[in-house]
Structures are given as C-alpha cells and as structure tokens.
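Subject: Structure handover

Hi,

Here is the structure you asked about. Please open it alongside this note.

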Amino acid sequence: MSKLFSKEQKEVFAGPLTLTTPVVAQVLGICAALAVTSQLKPAIVMGLSVTVITAFSNVIISLIRNTIPNRIRIIVQLVVVAALVTIVSEILKAYAYDVSTQLSVYVGLIITNCILMGRLEAFAMMNGPWESFLDGVGNGLGYAWILVVVGFVRELLGSGSLLGFEIVPSDWAFFHNDMMTMPAMHLSSWAASSGRIAPSTR
Amino acid sequence: MKLNTNSNVYTIVYASVTVIVVAFLLAFVSLALHETQQKNIDNDKRSQILAAIGQRGIASDQVEATFDKAVLCQLVLNAKGDSVGNDAFSIENKAITDDNLPLYICQTGTDTLYVIPLTGRGLWGGLWGYISLKSDFQTVAGAHFSHESETAGLGARIVEEDFQNKFVGKKAFADTDFSEVVLSVTKKVENPASDVDAITGATLTSNGVHNMLRDCIARYQQYFKAHTIK
C-alpha cells in the first residue's frame, strides 16, 4: 500500500479537495456550478460526471502523452474530453433521463469546463497514469463537494426539500423562498412584482 | 525507435487515427444506447400528453400504463378533417403538417378530452406542447408547454404549472363554426373568457405561445365542425 500512495500522491489527491478546490480557490467552472445547483440531485450527478470525466481523460492523456504531436496537443485533449463527455451524456439520457433534461446543456458544456483542460495541460501531460488518475479524481471530487454543499443549501432554503423529499412543511414561508433557486436576472422583477422593493428602484 | 513526433506526416496521421477511433467509439455507444433512450423519450411524450389532460406527476414506471388507460383512441387527420390513420403517437412534432394531424381522444373520469399537439417558435428556439379540449371542442381542459431554450426565469416559466393552469376553462373558438380561434396570450386581458395573461418580461415567448395556439388549433377546424353535437 505504501507504494500505491506515496506522500506526493496523497498530496496530489487531497490538495484539490481542500486547499486548491477548483471552484473556490481556483475559481474554475463557476458558470455550470451556479446553474446546476438549484437542487441537490442534479448537483450530485453533475459532480460525479465531472469526476468520471476528469479521471478518465487524465488517464488517457497521460498514457498517450509521449505520442501526442506537440502542435496539436490541445486538439487531441479536446477530442478525448469531448468523446468522454458525449459518452457520459448518452448514458445519462439512457439511464437518468429526468436528470439529463434538468442538466440540459451543462453536461455538454463540461467539455469547455476549465478544470478539465487545466488538469490535462498542467498535470496529465507531465505525469504517469496513476498520479494523473488521482489528480483527476481529486479535482473532480473537489468540484463535486462544493456543488453538493451549495445544492444542499439552495434546495433546503429554496424549496424546503432535499432530493425532492419535503423536509420543511410548505406553510413555513422562509424555507420556500424562490430567491434561492431563481436565476439572478429574474430577481429584480420578482422582487418588484411581489412588493419586496419599489418598482422604481428596479 | 524514436519517432519524430513533430513531423507533418506524423501529426496528420495521428490526428486522423484519433478521430477515426473516437468516431467508431461514439457510433457504438450511440447505437447501443439508442433503444433505451428512445423509450425515455416516448415516456416523456406520454407524460406530457397526460399533463395536458390534468394527470401530472406520474411515476415514470407508471406512465405507459396510465397513458394506455387514459387514451381511448388515436387519430391521424388530413386537412379535410377525415381520419386517415390511427398511429398518432409515432408522428414526431416535425412531421406535423396540415395534412398529417395527430389527435388523441382521452378519457378522464366521465369527460372525453381531445388532445392536440402544438408546435411553434419562441424567442430563442422551438416551443411545443399539448392542449386538451372538452367534448364541445370549445373549452380548454388543460395545457402543457415545453421549450428548447427560452430564457431561464422569464420565458422558461411557460413550463410552470401555475402558468399552464391559467388556460383551464378558457374558450378556444369564437363560435360553433370554429372559424376563428379566440384563445389568446395577451399583455392586457380584455376578454377573461378567452385571454390568458402573458408572462411579464417574456413578451416574445408569450407571443410565441399565442401564435402556436392560434396556428395549431385552427388546423382542426374541419374535424371539430364535422363532429360537434349540434
């Protein structure tokens, strides 16, 4: 076991879970992180999808890193990521249809998630497959747990439920405020129409 | 052997091989999963039709059985309102034309409801849905709308139950001649019997829903005229 996880490898895995979390510390993948976290279930599925894709794309790129022509390395990375994302998206459509419609375009947009290209270019191109796998899983989970925490808070305070099950009785208004689940652009008109702020201050 | 990974030939061959391998892989995955995906899409369509007759939130494993029980008969109509087939479900939204009109006749409780598929255009992309009329072909019994890419929080609110329920009880046609659709989505409700309040801040999506209703319901005029109880 000691051979399996050297001290550096533990750091590779644990770093992005704590100190260098992609979302909070590196500020990567924010757009999708905000879009899919209005409920807990899509947040979990999105987190897992990203973890699977970072892990496998890291391994694949790491295995072929010495054969990739330098001039087209970004394109090759993109092809690998796009293929994996398409596979994950197809699997979700087949076995988790309702979640895949909730995530809609954001599954496809994992391709452009900076975490992936960042890890491939910065880590997998220079390290062996096992380290790259750990790095991918670490970064994916680092992304996933932030999503899950945000999704937990947003669904609990926004809909009074968790994973679709009602936690807070529906007459307790504070736990059913749309502020938490609503896209930001809609807030001003909502606030004005429901009398929270005067329409003139919109 | 040391390959020159920077040579032109190597780069081109490498790119080609990569793309071909990935293409085969994706084609395989797509073929292998196609059947399961199609089942999900069909079930989604069934649950949308059920939502239009007021049966919402049915568990996904119950949808097919509930649908088979609720839908008494499916018709495909031509422009004259004559029935030319009975496999309405297999007609995709894209294939609906004036001469190829699906109609679902459903039973909920003691009511016979007529479900019409709707297709139209919103602000950013396609809109579609189903609307059910009572057996007088005048009164709306329920509606369900979906969209491809309307603005979240504004136009996308047409999928909300609150908006869709506003259509219940509205009057679809001006008279029993069925010559004019009066069901409207307007900013200013002048005739509460047939007008539905549009969504504030989503004028173009609301107009899209309005036009979709007008266009699609009007196509069934001949059938309604022939089958209405005078």
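Below is what turned up in it, starting with the contact between the chains.

Keep in mind that this is a predicted model.

**Between the chains**

Chain B touches chain A with 25 residues, and 22 residues of chain A take part. Together the two chains bury about 2,000 Å². Carbon and sulfur atoms carry 67% of that area. Salt bridges between chain B and chain A number zero.

One helix pair across the chains is worth a look. Helix H4 (residues 73–95) of chain A and helix H1 (residues 8–52) of chain B cross at roughly 10°. Their axes come within 8 Å. An angle under 35 degrees counts as roughly parallel, so H4(A) is roughly parallel to H1(B). On the H4(A) side, the contact includes A:Val76, A:Val79, A:Ala83, A:Ile87 and A:Tyr95. On the H1(B) side, B:Tyr14, B:Val22, B:Leu25, B:Leu26 and B:Leu33 are among the residues involved. By class, this contact has 13 nonpolar, six polar and two charged residues.

**Within chain A**

H4(A) also packs on helix H3 (residues 40–63) of chain A. The angle is about 145° and the axes are 10 Å apart. The crossing is right-handed. From H3(A), the contact takes in A:Val45, A:Ser49, A:Ile53, A:Phe56, A:Ser57, A:Ile60 and A:Ile61. H4(A) supplies residues including A:Val80, A:Val81, A:Leu84 and A:Leu92. The class count is 12 nonpolar, three polar and no charged residues. A:Val76 of H4(A) appears in this contact and in the one with H1(B).

H3(A) also holds one end of a salt bridge, A:Lys41. Its partner is A:Asp98, with the closest N and O atoms 3.6 Å apart. A:Asp98 sits in helix H5 (residues 97–103) of chain A. The two residues are 57 apart, so the pair links distant parts of the chain. Over all chains, the whole structure has eight salt bridges.

**Within chain B**

H1(B) packs against helix H2 (residues 63–70) of chain B. The angle is about 50°, and the axes are 9 Å apart. That makes H1(B) oblique to H2(B). H1(B) passes H2(B) in a left-handed crossing. B:Asn43, B:Arg46, B:Ser47, B:Ile49 and B:Leu50 of H1(B) meet B:Val63, B:Glu64, B:Thr66, B:Phe67 and B:Ala70 of H2(B). This contact has five nonpolar, three polar and two charged residues.

Best wishes

Terms used. Residues are numbered from 1 along each chain as its sequence is written. Chains are lettered from A and ligands numbered from 1 in the order in which they are written. This is a predicted model: local features need pLDDT of at least 70, side-chain atom pairs count only at pLDDT 80 or more; totals for chains, interfaces and linings use all residues. Side-chain values use heavy atoms; hydrogens and water are left out. Axes are lines fitted to C-alpha atoms, for helices over the stretch in contact, and angles run from 0 to 180 degrees between N-to-C directions. Helices (H or I, at least four residues) and strands (E, at least two) are DSSP runs, numbered from the N terminus. Angles under 35 degrees count as roughly parallel, over 145 as roughly antiparallel, 65 to 115 as roughly perpendicular and the rest as oblique. A crossing is left-handed if the near helix is turned anticlockwise from the far one by less than a right angle, and right-handed if clockwise. Contact means heavy atoms within 4.5 Å. Ala, Val, Leu, Ile, Met, Phe, Trp, Tyr, Cys and Pro count as nonpolar, Asp, Glu, Lys and Arg as charged, and the others, Gly among them, as polar. Buried area is the accessible area (1.4 Å probe) that two parts lose on being put together, summed over both. A salt bridge is a side-chain nitrogen of Lys or Arg within 4 Å of a carboxyl oxygen of Asp or Glu.
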